[in-house]
Amino acid sequence: MYQDYKNIELVKPGGLELKDRLVGVQRVTKVTKGGRAFGFSAIVVVGDENGVVGQGLGKSKEVAEAISKAVEDAKKNLVRIPIKNETLPHEQKGKYGGARVFLKPASAGTGVIAGGAVRAVLEAVGVHNVLSKSQGSSNPHNVVKATFDALLKLRSPEMIARQRGISLDKVFNG
């Protein structure tokens, strides 16, 4: 799922205290010759509020079952996101389908300035001060994936120093 990203760290769910947040539940319809068959699709974000987050999709005939399937799927897709002083290391844009998300670090006390799906992801990660703007599609599936795209592109100063093979103070003073 995360093949396109170079610097991601996949995390195993064992030993983590994960909290799940329901982003959205949609009623979906399959039209058959015998009429309409209704089902539900749920998108869920799980995180430990300390830099580990995952998202999952579940589908079923019942809402509760769709949500539990989504939580199980989310636990299989956990990644570590670099967080610095309860905010992001730098600003970043993310894109998925028609959804575009812009994330910008904020000073202490700002809070999470984000709507719906973006807020759920950022709170699950453990970011407490951030500014965001969601543009284009408001489809929760695409907005969550666009937010993940932006978060997975983030790099900490330590990561940059390691990749360039230089010391940490050279990154800032270089």
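The following legends describe close-up views of a predicted model.

**Figure 1. Overall architecture of the chain.** The predicted chain contains five helices and nine strands. Read from the N terminus, its elements follow the order β-β-β-β-α-β-β-β-β-α-β-α-α-α. The C-alpha trace spans about 70 × 35 × 30 Å along its principal axes. Of the 174 residues in the chain, 39% are buried. Where contacts join residues at least 6 apart in sequence, 59% of them link residues at least 24 apart.

**Figure 2. The open sheet of five strands.** The strands are arranged in the order β1-β5-β4-β3-β2, and their pairing is antiparallel. The edges of this sheet are formed by β1 (9-10) and β2 (19-32), each of which pairs on one side only. Strands of a sheet pair through backbone hydrogen bonds, either parallel or antiparallel. Helix α3 lies across β2, β3, β4 and β5, and runs at about 155° to β4.

**Figure 3. Strand β4 and its two partners.** Strand β4 covers residues 52-60, and seven of these nine residues are buried, so the strand is largely enclosed by the rest of the structure. Burial here refers to a relative accessible area under 20%. Strand β3 (residues 35-47) runs antiparallel to β4 and is joined to it by eight bridges. One of the paired positions is Val-45, whose bridge partner in β4 is Gln-55. The hairpin of β3 and β4 has four residues between the strands, and Glu-49 in this hairpin takes a positive phi near 60°. Strand β5 (residues 79-80) is also antiparallel to β4, and two bridges join these strands. In β5, Val-79 is the bridge partner of Val-53, while Arg-80 is the bridge partner of Val-52.

**Figure 4. The open sheet of four strands and its contact with helix α3.** This sheet has the order β6-β7-β9-β8, with mixed pairing. Its edge strands are β6 (92-96) and β8 (112-113), which each pair on one side only. Helix α3 packs on the sheet and touches β6, β7 and β9 (130-136), with its direction at about 140° to that of β6. Strand β7 (residues 99-105) runs antiparallel to β6, and five bridges join the two strands. Within this region, Leu-103 in β7 stands opposite Gln-92.

**Figure 5. Surroundings of Asn-142 in helix α3.** Asn-142 is a residue of helix α3. With a relative accessible area of 18%, Asn-142 falls under the 20% limit and is therefore buried. Apart from its neighbours within four places in sequence, Asn-142 is in contact with Tyr-96, Gly-97, Gly-98, Ala-99 and Ser-137. Among these partners, Tyr-96 belongs to β6 (92-96), and Ala-99 belongs to β7 (residues 99-105).

**Figure 6. The second largest pocket.** The volume of this pocket is about 280 Å³. Its lining is made up of 16 residues, and those that lie nearest its centre are Arg-80, Ile-81, Pro-82, Ser-156 and Met-159. Two elements, α3 (140-153) and α4 (157-164), give two or more residues to the lining. The largest share comes from α4, which supplies four residues. Classified by residue type, the lining of the second largest pocket has nine nonpolar, two polar and five charged residues. Rolling a probe the size of a water molecule over the atoms shows where empty space is left. Arg-80, one of the residues that lie nearest the pocket centre, is also the bridge partner of Val-52.

**Figure 7. Ile-166 in the loop between α4 and α5.** Ile-166 is located in the loop that separates α4 from α5 (168-173). Its relative accessible area is 31%, which lies between the limits of 20% and 50%, so Ile-166 is partly exposed. Leaving aside neighbours within four places in sequence, the contacts of Ile-166 are with Ala-161 and Val-171. Ala-161 lies in α4 (157-164), and Val-171 lies in α5 (168-173).

Methods
Residues numbered from 1 in each chain as written. Predicted model: local features only at pLDDT ≥ 70, side-chain atom pairs only at ≥ 80, totals over all residues. Heavy atoms only, no water. 1 Å grid on protein atoms, 1.4 Å probe; cavity = no way out; pocket = protein on both sides within 12 Å on 5 of 7 lines; lining within 4 Å. Points joined across faces, edges and corners; volume = space filled by probe spheres on them. Nonpolar A, V, L, I, M, F, W, Y, C, P; charged D, E, K, R; others polar. Buried < 20%, exposed > 50% of the residue type's maximum accessible area, 1.4 Å probe, protein only. Pairing = 2+ DSSP bridges. Contact = heavy atoms within 4.5 Å. Axes fitted to C-alpha atoms, helices over the stretch in contact; angles between N-to-C directions.
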